[in-house]
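Me: I have a model open and want to learn how to read it. Can we go through it feature by feature?

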Number of protein chains: 4
Amino acid sequence: MVLNLDFNKSIYVQIKEEITKAIASGELKINESLPSVRSMAENIGVNLHTVNKSYNELKEEGFLNIDRRKGAIVAQLPMKIDNTTRQKNKLDLELLVAKSYLSGISKEEFLSLS
Amino acid sequence: MVLNLDFNKSIYVQIKEEITKAIASGELKINESLPSVRSMAENIGVNLHTVNKSYNELKEEGFLNIDRRKGAIVAQLPMKIDNTTRQKNKLDLELLVAKSYLSGISKEEFLSLS
Amino acid sequence: MVLNLDFNKSIYVQIKEEITKAIASGELKINESLPSVRSMAENIGVNLHTVNKSYNELKEEGFLNIDRRKGAIVAQLPMKIDNTTRQKNKLDLELLVAKSYLSGISKEEFLSLS
Amino acid sequence: MVLNLDFNKSIYVQIKEEITKAIASGELKINESLPSVRSMAENIGVNLHTVNKSYNELKEEGFLNIDRRKGAIVAQLPMKIDNTTRQKNKLDLELLVAKSYLSGISKEEFLSLS
DNA sequence: GTGGTCTAGACCACG
DNA sequence: GTGGTCTAGACCACA
């Protein structure tokens, strides 16, 4: 998992995002365990609490389980047809489609990502 | 232009986003003028400076022109092939596609937004 | 809001609990604003981050809104018939009923609390 | 006695809770013996010491007797009118009633648990 | 060894 | 002024 930190976004959000992408892409598989907060923090050179916050929010969102024995492991996909988050994602998508359109991303490019 | 503000998030960013969406969707047309900072602020119940900041950043980004007489008007689409922002948007899209996938947004729904 | 800290439970949980009770009892009304994290922390003699964590979890659970202008305010009761939390509460109740029974709380006393 | 362990929470506490519920419900009867620490640990896939800790605390609280020959057996109900724990349970109940109320558990449902 | 919690002090974005 | 984030260092419960 490569982390290219971008100093515009908060670090813990970027960590969450990288993990999210890794799960979605299959790079991280269900039940696979992630590095401990301490080792991950050391690896990427941030504070332990920063990683902890990322893991915890991912746990809240149902993507990770924190197992007292094995640390953080990738959860079963919640398949939560949780309408609140779906709606939120939809709004985010709409916004991004608008921004992309205005910054000149062609429909072809856009579709190539789906 | 309906503004459903979430006072949990950054207000001026939300205003920017709503305007961005309105331009992209054609709800706001080129050369059309937006409400004055003052009236917009009053309408949505926020501080005048907050709206001002939104308008100014949109001007910086080339989406609005500030005209002394007509106030803020929608600019010609810059169609800036600014590769930095295009790349950034692309990454954001990838992330959002991943998140949407994990929250159960079907490909059909996804495409319906493009 | 009186806080009798019990050193068995974590502080931030106790703060959450006191606020939860205050909302349920009507002591804190909808849209009423709570003290800022800083002042609350000062009042009860704990660290700012501890209070912050309480407020944030209550926000996640839908009981508080964090308004950038007014600080934390009591949310509209979510009336979330969110079955996960209902189920969790039900299990907690069953457990507590069992414990109470075994520690000699009569049915009368028990019912007097509902 | 079904054990649905959540490895997110303290394991030995969950074991204690399940046993407590089983005693209160009559599923485990007085003088009935529980599985040996070893077999219980094997069954639910946890460390032997973890189960041991659960049994020991239950012994301390007067719910189990540890018999060298028969292993752990359910004790006579202590019916301890220990006012400290009664008071504590009462507070816990009040809290849970508040939480349940806020998560939409009707009074009927609530009473059905007593 | 793991994560959970608390403290302390700092800086930043926002309104 | 508000909350949000990050760092640093410490202690604890748990397995």
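**Where chain A meets chain B**

Reply: Start with the interface: 33 residues of chain A are in contact with 35 residues of chain B. In contact means that the C-beta atoms of two residues, placed from the backbone, lie within 7 Å. This is a predicted model, in which local features need pLDDT of at least 70, side-chain atom pairs count only at pLDDT 80 or more, and totals for chains, interfaces and linings use all residues. Residues are numbered from 1 along each chain as its sequence is written, while chains are lettered from A and ligands numbered from 1 in the order in which they are written.

Me: Which helices of chain A supply at least two residues each of the side that touches chain B?

Reply: H1, helix H4 (83-102) and helix H5 (107-111) of chain A do. H4(A) gives the largest share, 15 residues. Helices here are DSSP runs of H or I with at least four residues, strands are runs of E with at least two, and both are numbered from the N terminus.

Me: What classes of residue make up that side of chain A?

Reply: It divides into 17 nonpolar, seven polar and nine charged residues. Ala, Val, Leu, Ile, Met, Phe, Trp, Tyr, Cys and Pro count as nonpolar, Asp, Glu, Lys and Arg as charged, and the others, Gly among them, as polar.

Me: How are chains A and B related?

Reply: The general idea comes first. Two copies of a chain are related by a rotation about an axis and a shift along it. Here, a turn of 178 degrees and a shift of 0.1 Å along the axis lay chain A on chain B with an RMSD of 0.8 Å. That is the relation of a two-fold axis. The same surface serves both copies, as 100% of the contact residues of chain A recur in chain B. The superposition is by least squares on the C-alpha atoms of residues with pLDDT of at least 70 in both copies.

Me: What pattern does chain A follow along the sequence?

Reply: Read that way, the pattern is α-α-α-β-β-α-α. Chain A has five helices and two strands.

Me: Which residues come nearest to DNA strand F?

Reply: Ser10(A), Ile11(A), Asn47(A), Ser36(C) and Ile11(D) do, out of 25 residues around the strand. A residue is near if its C-beta atom, placed from the backbone, lies within 6 Å of the strand. By class, this surface has nine nonpolar, 13 polar and three charged residues.
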